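Q: I have a new model open and would like to learn how to read it. Could you walk me through it, feature by feature?

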Amino acid sequence: MTNSSEQDHVLIFDTTLRDGEQSPGATMSHSEKLEIAGLLDDMGVDIIEAGFPIASEGDFEAVKEIARQSNNSVICGLSRAIDRDIDRCWEAVKHARQPRIHTFIGTSPQHRAIPDLTMDEMADVIHNTVTHARNLCDNVQWSPMDATRTEEDYLCRVVEIAIKAGATTINVPDTVGYTAPRESASLIRMLLERVPGADEIIFATHCHNDLGMATANALSAVEAGARQIECTINGLGERAGNTALEEVVMAMRVRNDIMPYHTGIDTTKIMNLSRRVATVSGFQVQYNKAIVGKNAFAHESGIHQDGMLKNADTFEIMRPEDIGLSETNLVMGKHSGRAALRSKLSDLGYELADNQLRDVFVRFKELADRKKEIYDDDLLALVNDEGTLAANDHIKVKELTVVCGTNGPQTADLTLTIDGQDKQTKVIGDGPVDAAFKAVKELFPHGARLQLYQVHAVTEGTDAQATVTVRMEEDGKIVVGQSADTDTVVASTKAYVNALNKLLVRREKSAPAPA
Ligand code: KIV
Ligand code: ZN
């Protein structure tokens, strides 16, 4: 590194599509992955970890397509320390303008025991696999998985081997979220001081949030000299998740006085990405989540509101616009026209093609007939819902009438259109949603298991739309279905059918991982 602006630059490595998607239930479809990758690229993410190409044919195809469509970001794929994995990774990422191979092996005593390698044997594996990766690609990242629980001497030894074999980035993962800020910093400092060649490469920090310290640990590592943060949108990731992109980026921006680093992220794109990731992963953002939670900019108490009206500085350390949040106010009513809808959606980060806008407008008018006040969140639910209704869906909800209330029996009278043919049934259930789901199963028998059923009110009031998320599993394949409607049972049935449609696509596409 030569000049001070380079020294202050922190690379943002987003792993939403790899470590985030690895979170059980967060599976995204091929088109959803491409869409998220496009948004990340557009936002200024330096490196996108697009997937784990050896894991499945679907992962391979997604990484390859993301590599092809990439504009500015480096596209990275993950591979174990096995030549066959690395070759497969290269086959996928090589289509990018700027490809990167990321290879890893668990170096802590706990992880070394799994392949049952001695320290010397593992050192050889590292030398051979990093050399192999470097022969394929100029840009190679190596990770000693569980670095924070690896003996320091051994960590220095293997990092040196990886650098000598050609790694250009060394990632230091806190795989189980075990470290704390001071230790996270001292580990990076120790590696910079002790490993020959450490000043020639970039150190990355990759933290998990098991103890709620992922953001603090990542920022401490940067203070000690790391210049790449690995993170995910909304902190999505296994268990308690990964470092949240929006938190580290906004922390360095808002507290630039004490953390004088910069990133290339266009922060005004944060909110839109957060919403899209929440929708496609089915992992809703908690209301009080820093930066992107629904309440992050809400000032409820009288004292706060009074202060805010006089001077926003009183309680706000950043402005909603900084993350692309437009004010949640009453936006439109039933007399609003198509141009107004287009402009409002554009403010919210959605540029729709004419045919998409036409469909959304029809649904907007229907909604405006049923709900007199339409807010930003209503429009977002509508657009996201529109995205889940694919023209080539095998199963569509045609009609639904339910009987519910104290007198029962709760009954669903449902007509589905399955591959163009209408099928109807009437089923009794334990409540209207149960009846509707049983009716779907009777008309379209399947063995998928319902893992999660979640209802969220999009806005306030009894006429609020409900967004329903349904997660289903079949033979290890997990899909998430969603839908929104002012009628909760209709939203539930459509979400269930949406999940089934996705499952059918997964059945068609899934093929065994290459041997
Ligand atoms: O947490 C971890 O150790 C990882 C590695 C594969 C980098 O995700
Ligand atoms: Zn991880």
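The dialogue below takes up a metal site, a ligand shell, a helix and a single polar contact.

A: Gladly! Keep in mind throughout that this is a predicted model.

Q: Let's begin with the metal. Which protein atoms are the donors of the zinc ion (ligand 2)?

A: For a metal site, list the donor atoms and then see where they sit along the chain. Here the zinc ion (ligand 2) has Asp19 (OD), His206 (NE2) and His208 (NE2) as its protein donors, at 2.0 to 2.1 Å. Their spacing along the chain reads D-x186-H-x1-H. Asp19, in helix H2 (residues 16-20), and His208, in the loop between strand E7 (202-207) and helix H10 (214-224), are 189 residues apart, so this pair links distant parts of the chain.

Q: Are Asp19 and His208 buried or exposed?

A: Relative accessibility settles that, with buried meaning under 20%. Asp19 has 3%, so it counts as buried. His208 is buried too, because its value is 5%.

Q: Which residues surround ligand 1?

A: A shell can be read by residue, by class and by the elements that supply it. Around ligand 1 are Arg18, Asp19, His102, Phe104, Ser143, Met145, Asn171, Pro173, Thr175, His206 and His208. By class, that makes three nonpolar, six polar and two charged residues. At least two residues of the shell come from each of H2, strand E4 (99-106), strand E5 (140-145) and strand E6 (169-174).

Q: Which side chains have polar atoms at short range from oxygen atoms of ligand 1?

A: Check the N and O distances one by one. Among them, Arg18 has a side-chain N or O atom 2.9 Å from a ligand 1 oxygen. For His206 the corresponding distance is 3.1 Å, and for His208 it is 3.0 Å. Taken alone, ligand 1 exposes 260 Å², of which the protein buries 95%.

Q: How many residues of helix H11 (residues 245-254) are buried?

A: Seven of its 10 residues are, so the helix is mostly covered. They are Leu245, Glu246, Glu247, Val248, Val249, Met250 and Met252. These buried residues pack against strand E1 (11-14), helix H3 (30-43), H10, strand E8 (228-231) and helix H12 (270-281).

Q: And what does Asp87 contact, beyond its neighbours within four places in sequence?

A: For a single residue, combine its location, cover and partners. Asp87 lies in helix H5 (residues 83-93) and is partly exposed, at 32% relative accessible area. Beyond those neighbours, Asp87 touches His132 and Leu136. With His132, the contact includes a polar one between side chains, at 2.6 Å.

Note on methods
Residues are numbered from 1 along each chain as its sequence is written. Chains are lettered from A and ligands numbered from 1 in the order in which they are written. This is a predicted model: local features need pLDDT of at least 70, side-chain atom pairs count only at pLDDT 80 or more; totals for chains, interfaces and linings use all residues. Side-chain values use heavy atoms; hydrogens and water are left out. Donors are N, O and S atoms within 2.8 Å of the metal (3.2 Å for Na, K and Ca); water is not among the atoms, so sites may look incomplete. Helices (H or I, at least four residues) and strands (E, at least two) are DSSP runs, numbered from the N terminus. Buried means under 20% relative accessible area, exposed over 50%, partly exposed in between (1.4 Å probe, protein chains only). Contact means heavy atoms within 4.5 Å. A residue is near a molecule or strand if one of its heavy atoms lies within 4 Å of it. A polar contact is a pair of N or O atoms within 3.5 Å; within protein, one must be able to donate a hydrogen and the other to accept it, and residues adjacent in sequence count only if both atoms are side-chain atoms. Accessible areas come from the Shrake-Rupley method with a 1.4 Å probe; for residues, only the protein chains shown count as cover. Ala, Val, Leu, Ile, Met, Phe, Trp, Tyr, Cys and Pro count as nonpolar, Asp, Glu, Lys and Arg as charged, and the others, Gly among them, as polar.
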